[in-house]
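Colleague: I am new to reading structures, and I would like to learn how such labels are earned. Could you show me the model and let me ask about it?

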Number of protein chains: 2
Amino acid sequence: MNVPESVRWAADARAVELLDQTRLPEEERWIAIRDAAAMATAIREMRVRGAPAIGVAAAMALALELAYATSLAPAEFRARLEAAAATLRAARPTAVNLAWAVDRLVAVADAHRDAAPGVVACKVWGEADRIRAEDREMCRRIGERALGLFPAGVVRLLTHCNAGALATGGIGTALAAVYLAHEQGRGVRVYVRETRPLLQGSRLTAWELSRAGVPVTLIVDSAAAALMAAGSIDLVIVGADRIAANGDVANKVGTYGLAVLAAHHGIPFYVAAPSSTVDLATRTGADIPIEERDPDEVRRGFGRVTAPPTVDVWAPAFDVTPAALITALVTDRGVARPPYGASLAALFAKDALAAAEASPVVAPGGRA
Amino acid sequence: MNVPESVRWAADARAVELLDQTRLPEEERWIAIRDAAAMATAIREMRVRGAPAIGVAAAMALALELAYATSLAPAEFRARLEAAAATLRAARPTAVNLAWAVDRLVAVADAHRDAAPGVVACKVWGEADRIRAEDREMCRRIGERALGLFPAGVVRLLTHCNAGALATGGIGTALAAVYLAHEQGRGVRVYVRETRPLLQGSRLTAWELSRAGVPVTLIVDSAAAALMAAGSIDLVIVGADRIAANGDVANKVGTYGLAVLAAHHGIPFYVAAPSSTVDLATRTGADIPIEERDPDEVRRGFGRVTAPPTVDVWAPAFDVTPAALITALVTDRGVARPPYGASLAALFAKDALAAAEASPVVAPGGRA
């Protein structure tokens, strides 16, 4: 299976390499990042995107920065660490995974505050690799759990935006089951909505699936209904930006309409996302703030003026899909089913978490 | 009311002028067409589009061509007429209105076969002006009938693609009621879906409404569901490419999904179209052939590569909205209501047609 990576160590480990997502699908260009400042710029410029991928990439860059700073005196080394961490955190202030990954590395450094810079650097590097490995494992668990929901035989599924390998350090969230099905030789075809305004579906999802040899068909966003009516879709699977305690899901604008269409056509609608996406402190979808995007993404998104230059635009980044339209929520911790309040509470109760961590999922092929 | 025109006579009547729709919204450029061949090219290049507008423009160009050929001998004049008619018909072979308009002019010429070329030219010119006037009247009747369905107070409506002034010789079909409401000082706001892949919504509908001073808000196609959930839409109104005897409607891809969303949110869904769109010989929507478009309209529509260059694309031009999802069908002949089979049959029965033609609709303002 040739699933593209979003971020990797350079062969000589002297750089973190990012697959420049702003150049896809026109060009497959890897850029070498040599310090935290360069990574912060790359994150701000969306050369790497997707909450899990950003967290992994930031951790790797911070580890690299410190590994090159071990000749500094301890106090200077510590100052370097703090400056680099601050630079990375500021790159996308609302990206929870980014701050979370940086904080984990700083905590490791804190735990070895009296050790030599070389030791601290090694410990931080190890933690960055752990974050990366955990992310891969998270993707695989989501994929295995979602695959268990697929019907027998060839599966034709529809997805929105990019919740794939490019958004994570592994094989994706919503697309993870697709890659596992393809690896097992099960027939699968993915219909991808292009996902206006930023076209993550056509630019990224269609690209990464094609690259991995998975059959793909691209459609404009509004062709989804006709595709369902034609009987061409067995299930819908999408990612999530945030999942509320009652099972409401905030995800890329267009997700909610797709869920309404799936319900109308009697097609299962699955949401697959990292457990970090589940926020039990958010009661319902109504409590999730919805970011508004720059109107020019709609008015002149292709480098051309495609609308009257000053026309009013309503451009929410996300919408909220009510739990009632969702067949199941698939996380690395397990699958939640309606009623979601109870199901999510059970999955994410503290003792349930401990139990889940003690017993790794075993994949059909025997992999942990 | 400053509703843009799609086609007009030049001030000195020495040319037919087209508002070049391929340059909108970047530039408002009128091009002068001086003969049938130039009009055929303009139609082929989509500088004028929309079935009614194409019919009107072709008729005007044919009339102009003949008015400049009256010094020819009768046989040569007749040959010129036939060549020009053939050139125009071939410009878009599937456009029924185009052939219908050209045929009407040829029939008038046939009826005056023994008259001098100057007389034939005048008769043909008169018929072209009649086609144009009828088109304007058709738009106004549709608008008045649709306006009768609007609720009291400020109306916020959602539309798809372009069924406006630019698509006709008048004030449009789906948008006609909007212009009439605006003219009467009733509050109205139109939410426009950009309508991928060719963006007729953002390029044309948003432009013509803005130009006429009607409040417009542009959205990406997939934001419609969230907009409805927010309670921001009172009704949906769209055009039609073909209406079957049972009330099923073929229209721009995306229309069907919009109808499903409207039904889910309890929002009325209206289709407004010329009576020429109603095809009682087509039993249901399943009998309407759906044209597939060039995949590159999705893969590289704006001069940029927005998808893997060879990725499979499903690109239907239209979809079919089942009659069950449609609140009412508004035509210049009258408003059809469910059950549509009986309602359309009654409206389009031969004696009903004759009655409708004998008693013109009187507008609120007293205009016929």
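Colleague: Why is A:Trp9 called buried?

Modeller: This is a predicted model, and in it A:Trp9 has a relative accessibility of 17%. Buried means under 20%, so A:Trp9 counts as buried.

Colleague: And what makes B:Trp125 partly exposed?

Modeller: Its relative accessibility is 21%. Partly exposed runs between 20% and 50%, so B:Trp125 counts as partly exposed. B:Trp9, at 16%, counts as buried.

Colleague: Why are A:Trp9 and A:Trp125 called a stacked aromatic pair?

Modeller: Good one! Ring centres must lie within 6.5 Å to pair, and planes under 30 degrees apart count as stacked. Here the centres are 4.2 Å apart with 10° between the planes, so the pair meets both cut-offs. B:Trp9 and B:Trp125 also form a stacked pair, with 4.2 Å centre to centre and 10° between the planes.

Colleague: What makes the pair in chain B a tie between parts that are apart in sequence?

Modeller: B:Trp9 lies in strand β1 of chain B and B:Trp125 in helix α5 of chain B, so the pair joins parts 116 residues apart.

Colleague: How do you know that the two copies are related as by a two-fold rotation axis?

Modeller: Chain B can be laid on chain A by a turn of 180° and a shift of 0.0 Å along the axis, with an RMSD of 0.1 Å. The copies are therefore related as by a two-fold rotation axis. The same surface serves both copies, as 100% of the contact residues of chain B recur in chain A.

Technical notes: Residues numbered from 1 in each chain as written. Chains lettered and ligands numbered in written order. Predicted model: local features only at pLDDT ≥ 70, side-chain atom pairs only at ≥ 80, totals over all residues. Heavy atoms only, no water. Least-squares fit on C-alpha atoms with pLDDT ≥ 70 in both. Contact = heavy atoms within 4.5 Å. Phe/Tyr/Trp six-rings, centres within 6.5 Å; stacked < 30°, edge-to-face > 60°. Buried < 20%, exposed > 50% of the residue type's maximum accessible area, 1.4 Å probe, protein only. Helix = DSSP H or I, 4+ residues; strand = E, 2+ residues; numbered from the N terminus.
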